Amino acid sequence: MSKLRLGVNIDHVATVRNARGGDTPDPVRAAKLAEDAGADGITAHLREDRRHIGDADIDALMEALTVPLNFEMAATDEMQKIALRHKPHAVCIVPEKREERTTEGGLEVAREENQLAHFIAPLRDAGCRVSIFIAADQRQIEAAHRIGAQVIELHTGAYCDAHAEGDFKTRDIELEKMRDMAALAHSLGLEVHAGHGLTYDTVKPVAAFPEVMELNIGHFLIGESIFRGLQPAMAEMRRLMDEAREA
Ligand code: PXP
């Protein structure tokens with residue numbers, strides 16, 4: 001099985017920085033550390049309200065990184081302009097609500113098919129790999145394929161939440177859905193990624209799906225790095241991913 005890529009989401013380094021409004025901790029420094037520790041990519045979400053990552057962080061990441069940047073963005077004109085200016089390796093289109101604490105669900109692709117097809121075309125033309133963050137739902141996956149996305153990222157949040165709540169029946173149902181939908185997406189020629197809420201306890205079953213090529217992990221890794229440092233925190237995640245892949 002091909003090696004699974006680990007994308008490290010550094011948004012919450014910026015969350016801590018912004019709690020005080022100064023320059024530290026610097027998310028770009030975290031990204032460079034993650035890169036040195038073997039991250040295959042860095043993910044950053046520039047939200048409309050700039051609650052964590054800011055425009056200057058994206059400028060600095062584009063300048064500093066040698067691994068690919070996965071630029072998470074809502075499907076807005078403002079974000080499209082920023083993405084077209086920077087032309088990051090990948091753009092991941094996510095739903096965004098001002099009042100949410102984190103990206104709660106997947107993108108509604110099926111209902112917005114025409115607008116989204118129109119929206120992503122210039123991003124693809126600019127050379128960005130277009131990824132769509134969606135729930136493990138056949139309608140959404142087929143729509144993502146029709147609009148010309150190259151990648152889908154499966155939202156692992158429902159699976160991780162069920163695990164955290166001890167609702168193992170729901171967790172296993174969510175896992176099965178993701179397994180089936182990863183296979184469907186792959187059969188359509190889409191590259192499959194996954195992420196949101198993954199921890200040491202939940203990563204292995206998802207890492208074991210042969211169609212999944214990349215996991216994007218942030219909040220847990222950044223939290224864990226308070227206790228063990230970013231590089232050891234990542235090394236443990238990598239060990240679990242590799243173990244799942246080999247099994
Ligand atoms: N993938 C996508 C598309 C996301 O929106 C997020 C959260 O910003 C993540 C992965 C990472 O999720 P977490 O921070 O919970 O690991």
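**Close-up views of salt bridges, helix α10 and the ligand site**

**View 1. Glutamate 224 is a buried residue.** At 17% relative accessibility, glutamate 224 falls in the buried class, since that class takes residues under 20%. The model shown in this and the following views is predicted. Glutamate 224 forms a salt bridge with arginine 228, with 2.8 Å between N and O. Both residues belong to helix α10, which runs over residues 219-228, and they are four residues apart, about one turn of the helix. Arginine 228 has a relative accessible area of 37% and is partly exposed. Side chains of opposite charge can pair when their charged atoms come close.

**View 2. Helix α10 has buried residues on one side and exposed residues on the other.** The buried residues of α10 are Leu221, Ile222, Glu224 and Ser225. These four lie on the same side of α10, because the arc they cover around the axis is only 165 degrees. His219, Ile226 and Phe227 are exposed on the other side of the helix. An α-helix has 3.6 residues a turn, so residues three or four places apart point the same way.

**View 3. Glutamate 174 and lysine 177 pair within helix α8.** The closest N and O atoms of this salt bridge are 3.3 Å apart. The two residues are three residues apart in helix α8 (residues 168-187), a separation of about one helical turn. Glutamate 174 is buried, at 17% relative accessible area. Lysine 177, by contrast, is partly exposed at 36% relative accessibility.

**View 4. A salt bridge joins glutamate 243 to lysine 204.** The N to O distance in this pair is 2.5 Å. Glutamate 243 sits in helix α11 (residues 230-246) and lysine 204 in helix α9 (residues 203-207), so the salt bridge ties together parts that are 39 residues apart in sequence. Glutamate 243 is partly exposed, with 33% relative accessibility. Lysine 204 is also partly exposed, with 29%.

**View 5. Aspartate 57 of helix α3 makes a polar contact with arginine 17.** Helix α3 spans residues 55-64. The side chains of aspartate 57 and arginine 17 are joined by a polar contact of 2.7 Å. Aspartate 57 is buried, with a relative accessible area of 7%.

**View 6. The ligand is surrounded by 14 residues.** Those that come nearest are Glu72, Glu153, Gly197, Gly218 and His219. By class, the shell consists of four nonpolar, seven polar and three charged residues. A polar backbone atom of glycine 197 is 2.7 Å from an oxygen atom of the ligand. For glycine 218, a backbone N or O atom lies 2.7 Å from a ligand oxygen atom. A backbone N or O atom of histidine 219 is 2.8 Å from an oxygen atom of the ligand. Taken alone, the ligand exposes 400 Å², and the protein buries 95% of that area. Histidine 219 also appears in View 2, among the exposed residues of α10.

Technical notes
Residues are numbered from 1 along each chain as its sequence is written. This is a predicted model: local features need pLDDT of at least 70, side-chain atom pairs count only at pLDDT 80 or more; totals for chains, interfaces and linings use all residues. Side-chain values use heavy atoms; hydrogens and water are left out. A salt bridge is a side-chain nitrogen of Lys or Arg within 4 Å of a carboxyl oxygen of Asp or Glu. Buried means under 20% relative accessible area, exposed over 50%, partly exposed in between (1.4 Å probe, protein chains only). A residue is near a molecule or strand if one of its heavy atoms lies within 4 Å of it. A polar contact is a pair of N or O atoms within 3.5 Å; within protein, one must be able to donate a hydrogen and the other to accept it, and residues adjacent in sequence count only if both atoms are side-chain atoms. Accessible areas come from the Shrake-Rupley method with a 1.4 Å probe; for residues, only the protein chains shown count as cover. Ala, Val, Leu, Ile, Met, Phe, Trp, Tyr, Cys and Pro count as nonpolar, Asp, Glu, Lys and Arg as charged, and the others, Gly among them, as polar. The arc is that of the directions from the helix axis to the C-beta atoms.
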